[in-house]
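Reader: Please take one part of this model and go through it closely, residue by residue where that helps. Give the cut-offs behind each term as you use it.

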Amino acid sequence: MIEKSKTGVEGLDEMLYGGFPKGYSVFLTGTAGSGKTTLSMQFLTEGSKEGEAGIYISFEEPPEQIVQDFSVFDSEINQLISTGKIKVVSLPLSSIENLKEEIESEIDASNIKRLVLDSVSYLRIFFPDSFSYRRAIIDLINLFKKKSVTSILIGEIPYGFNSLSDTGVEEFASDGVIVLNTIQKQDTFIRSIKIVKMRGTKFLNKLCPYEFVENKGIIVYPNAEVFAEM
Ligand SMILES: Nc1ncnc2c1ncn2[C@@H]1O[C@H](COP(=O)(O)OP(=O)(O)O)[C@@H](O)[C@H]1O
Ligand SMILES: [Mg+2]
């Protein structure tokens, strides 16, 4: 059986029958504020509990901001960073070749086993067409596999958009796809999570509610039936 990396998100690990398959790359997408950063940081802090070093690579949001916002959910984050168990960095976006080299040297220097790229969709600016973009994403995913790095590739869905991504590339290239969304039920909005695809494991194929809980992070409720009659 394939080895799993617990995500550290209560309920999500249950949906995944243990976690992400080790060395696989999961595309995590959703609208702004849906919890992509929070879930990904939980994935990294879980890694540090298991002795796996993690890195969060951000192209837009400053690392200090990411850490400060996450400290509401995990007061130990600053300590995990100061002891080098987790790194949150912003890498320069000069070219895809440089970026790939930078990522590879970060992985080697800190023996990284968990990686988050926020956002992978941002890399699209380097490519004239979606074919070459797809090639580059697959290259990155293969690099992570070679180094046994389990990764989350973050995407963005504009409000009211009906696809998983702008290009359709990320969901095909990655090993797994998870979507965070908000569903309207009568006059309330309920946050929902759905695993669309996960190679190498069975998973709970069901729309499940989740919420943000202070000092915990995101919690998923796989047994709730809120969407059953919709
Ligand atoms: N103290 C808090 N308690 C509950 N929820 C919070 C708290 N702080 C932030 N949030 C929620 O976290 C969300 C931001 O999550 P984030 O992971 O940054 O989303 P994304 O990366 O998808 O844009 C906000 O929309 C807010 O609802
Ligand atoms: Mg974010």
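Author: Two strands count as paired if DSSP finds at least two bridges between them. Strands (E, at least two residues) and helices (H or I, at least four residues) are DSSP runs, numbered from the N terminus. The model is predicted, with local features needing pLDDT of at least 70 and side-chain atom pairs counting only at pLDDT 80 or more, while totals for chains, interfaces and linings use all residues. Residues are numbered from 1 along each chain as its sequence is written, and chains are lettered from A and ligands numbered from 1 in the order in which they are written.

The part chosen here is the sheet, with the helix that packs on it. The sheet is open and has nine strands in the order β5-β4-β6-β7-β3-β8-β9-β10-β11, with mixed pairing. At its edges lie β5 (86–90) and β11 (217–220), each of which pairs on one side only. From one strand to the next the twist averages 25 degrees; axes are lines fitted to C-alpha atoms, for helices over the stretch in contact, and angles run from 0 to 180 degrees between N-to-C directions. Strands of a sheet pair through backbone hydrogen bonds, either parallel or antiparallel.

Start at the β5 edge. β4 and β5 run parallel and are joined by five bridges, and Y56 has V88 in β5 as its bridge partner. On to β6, β4 pairs in the parallel sense over six bridges, with S58 standing opposite D118. β4 is mostly covered, since six of its six residues are buried (buried means 20 or more other C-beta atoms within 10 Å of the residue's own, exposed means 12 or fewer, and partly exposed lies in between, with C-beta atoms placed from the backbone). Its cover is two-sided: A53, I55 and I57 are buried on one side, and G54, Y56 and S58 on the other.

D118, the partner of S58, is joined to S119 by a cis peptide bond with omega about -5 degrees. S119 is found in the loop between β6 and α6 (130–146). In the loop between α5 (96–110) and β6 lies N111, which has a positive phi of about 50 degrees although it is not a glycine. N111 counts as exposed because it has 11 C-beta neighbours inside 10 Å.

β6 also runs parallel to β7, joined to it by five bridges, and here R114 stands opposite T150. β7 is mostly covered too, with five of its five residues buried: T150, I152 and I154 on one side, S151 and L153 on the other. β3 pairs with β7 in the parallel sense over four bridges, and V26 stands opposite I152.

T150 is also touched from outside this run of strands. S5, in strand β1 (residues 4–5), touches G19, F20, K22 and T150, not counting residues up to four places away in sequence; contact means that C-beta atoms, placed from the backbone, lie within 7 Å. S5 counts as buried because it has 23 C-beta neighbours inside 10 Å.

Further along, Q186 lies in the loop between β8 and β9 and has a positive phi of about 50 degrees without being a glycine. With 5 C-beta neighbours inside 10 Å, Q186 counts as exposed. Antiparallel pairing appears between β9 (residues 188–198) and β10 (residues 208–213), which are joined by two bridges; the bridge partner of S192 is P209 in β10.

Helix α2 (residues 36–49) packs on the sheet, touching β3 (25–30), β4 (53–58), β5, β6 (112–118), β7 (150–154), β8 (176–185), β10 and β11, and its direction makes about 170 degrees with that of β6. Of its 14 residues 13 are buried, so α2 is largely enclosed by the rest of the structure. From its first C-alpha to its last α2 reaches 20 Å, close to the 20 Å expected at 1.5 Å a residue (the expected span is 1.5 Å times one less than the number of residues). G51 follows the helix and has a positive phi, near 75 degrees.

α2 also gives the largest share of the shell around ligand 1, three residues. Around ligand 1 are G30, A32, G33, S34, G35, K36, T37, T38, V72, F212 and E214, where a residue is included if its C-beta atom, placed from the backbone, lies within 6 Å of the ligand. The shell has three nonpolar, six polar and two charged residues; Ala, Val, Leu, Ile, Met, Phe, Trp, Tyr, Cys and Pro count as nonpolar, Asp, Glu, Lys and Arg as charged, and the others, Gly among them, as polar.

Key:
Contact = placed C-beta atoms within 7 Å.
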